[in-house]
Amino acid sequence: MRNGSVKLKRQDAPLPTAWERVQLARHPQRPYTLDYLQTAFSDFLELHGDRLFGDDAAIVGGLATLDTRTVMVIGHQKGRDTKENVLRRFGMARPEGYRKALRLMRHAEKFGAPVITLIDIPGADPSLVAEERGQAFAIAENLQAMSQLRVPIVSAIVGEGGSGGALALGLADRVLMLETAIYSVASPEAAASILWKDGARRAEAAEAMKITAPDLLSFGVIDGIVAEPPGGAHTDHAAAAEALRGALIEQLDELMGCDVEELLARRSQRYRAIGAFA
């Protein structure tokens with residue numbers, strides 16, 4: 001997986017363009033974190049609240065079983081209808097969501113359970129109340145904590161991986177992406193508006209930004225691509241979950257036997273190597 005052994009090309013269909021991948025990553029019927037928790041995991045016990053302010057429904061997390069291993073699973077959660085999206089804000093987390101995630105990571109560390117994060121967020125909540133409650137500090141605090149967490153961390157980008165909102169759950173020993181997921185510093189629409197003052201050039205921006213799984217694998221930003229069912233993960237939730245489940249088990253099997261100090265050293269080296277060139 002680390003060498004990108006998963007084949008992306010299929011004989012029956014051409015590869016989707018960058019903008020087509022963006023649309024697939026945002027598909028409203030794509031499986032979300034709670035869907036994966038029902039199909040790829042078992043015995044999920046949701047834990048709530050950050051013990052400082054409140055509970056954020058945009059991030060869900062708790063203990064679960066993956067194969068025979070107890071893990072802490074944390075992920076962004078979007079809604080299926082208007083009412084749920086008002087509650088979950090399309091997965092755009094606020095500081096209390098990131099602090100809840102950090103509390104659960106610390107809990108996992110205390111009991112030696114590996115952490116799995118499922119990323120699907122257009123970006124952190126941009127509202128005034130989120131900024132007033134310390135949005136930037138909460139994200140930075142998670143990054144610092146995850147860089148030093150003394151248990152294995154595996155992250156999977158299952159839909160949109162947008163900006164610091166994604167990165168706050170994405171600093172890991174291994175980072176996977178579903179085949180049509182995206183991972184970027186800004187949305188293509190925002191990038192087009194910034195670069196060309198024209199949001200309509202979003203498809204051009206998506207291509208230029210190199211936000212697809214094959215691009216990011218070639219740059220060493222991610223470690224593997226998880227194949228999706230033909231047409232995308234939204235066409236077959238069970239098949240998508242089974243593929244993700246197998247990839248997560250594979251990564252944890254490799255990481256669990258690693259000495260903690262070596263694990264931390266490799267994690268640090270992994271991120272220091274990103275963007276390096278000769």
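These legends go with close-up views of a predicted model.

**View 1. The largest pocket and what lines it.** Start with the open space: the largest pocket here has a volume of about 340 Å³. Its lining is made of 15 residues, and the ones closest to the centre are Tyr-183, Ser-184, Val-185, Leu-216 and Val-221. Which elements give two or more residues to that lining? They are helix H7 (163-167), strand E7 (182-184) and helix H12 (260-273). Sorted by class, the lining counts 10 nonpolar residues, three polar ones and two charged ones.

**View 2. Helix H6 and its two sides.** Helix H6 runs over residues 135-148, 14 residues in total. From its first C-alpha to its last it reaches 21 Å, close to the 20 Å expected at 1.5 Å a residue. The buried residues of H6 are Gln-135, Ala-138, Ile-139, Asn-142, Ala-145 and Met-146. Look down the axis of H6 and these buried residues fall within an arc of 130 degrees, so they line one face of the helix. The spacing makes sense: an α-helix has 3.6 residues a turn, so residues three or four places apart point the same way. Turn to the face of H6 that points away from the buried side, and you'll find the exposed residues Ala-136, Phe-137 and Gln-144. What covers the buried residues of H6? The cover includes H4, strand E4 (115-121), helix H5 (128-132), strand E5 (153-162), H7 and H12.

**View 3. Helix H8 and the residue that follows.** In H8, Pro-188, Ala-191 and Ala-192 are buried. Seen down the axis of H8, they fall within an arc of 100 degrees, so they line one face of the helix. That buried set packs against helix H1 (18-25) and helix H9 (202-209). Right after H8 comes Lys-197, with a positive phi near 55 degrees.

**View 4. Ser-187, in the loop between E7 and helix H8 (188-196).** Is Ser-187 buried or partly exposed? With a relative accessible area of 25%, Ser-187 is partly exposed, because buried would mean under 20%. Setting aside neighbours within four places in sequence, Ser-187 is in contact with Arg-26 and Met-209. Ser-42, by contrast, is 145 residues from Ser-187 in sequence and 33 Å from it in space, C-alpha to C-alpha.

**View 5. Two loop residues with a positive phi, Asp-67 and Phe-90.** Most residues other than glycine have a negative phi, which is the reason for a look at this pair. Asp-67 is not a glycine, yet its phi is positive, about 60 degrees. You'll find Asp-67 in the loop between strand E2 (59-66) and strand E3 (69-76). Phe-90 also has a positive phi, near 55 degrees, and sits in the loop between helix H3 (82-88) and helix H4 (95-111). How accessible are they? Asp-67 has 44% relative accessibility and counts as partly exposed; Phe-90, at 47%, counts as partly exposed too.

**View 6. Thr-33 in helix H2.** Thr-33 belongs to helix H2, which covers residues 33-39. Its relative accessible area is 1%, so Thr-33 is buried. Which residues does Thr-33 touch, not counting those up to four places away in sequence? They are Val-60, Gly-75, His-76, Gln-77 and Leu-118.

Definitions and conventions: Residues numbered from 1 in each chain as written. Predicted model: local features only at pLDDT ≥ 70, side-chain atom pairs only at ≥ 80, totals over all residues. Heavy atoms only, no water. 1 Å grid on protein atoms, 1.4 Å probe; cavity = no way out; pocket = protein on both sides within 12 Å on 5 of 7 lines; lining within 4 Å. Points joined across faces, edges and corners; volume = space filled by probe spheres on them. Helix = DSSP H or I, 4+ residues; strand = E, 2+ residues; numbered from the N terminus. Nonpolar A, V, L, I, M, F, W, Y, C, P; charged D, E, K, R; others polar. Buried < 20%, exposed > 50% of the residue type's maximum accessible area, 1.4 Å probe, protein only. Expected span 1.5 Å × (residues − 1). Arc of directions from axis to C-beta. Contact = heavy atoms within 4.5 Å.
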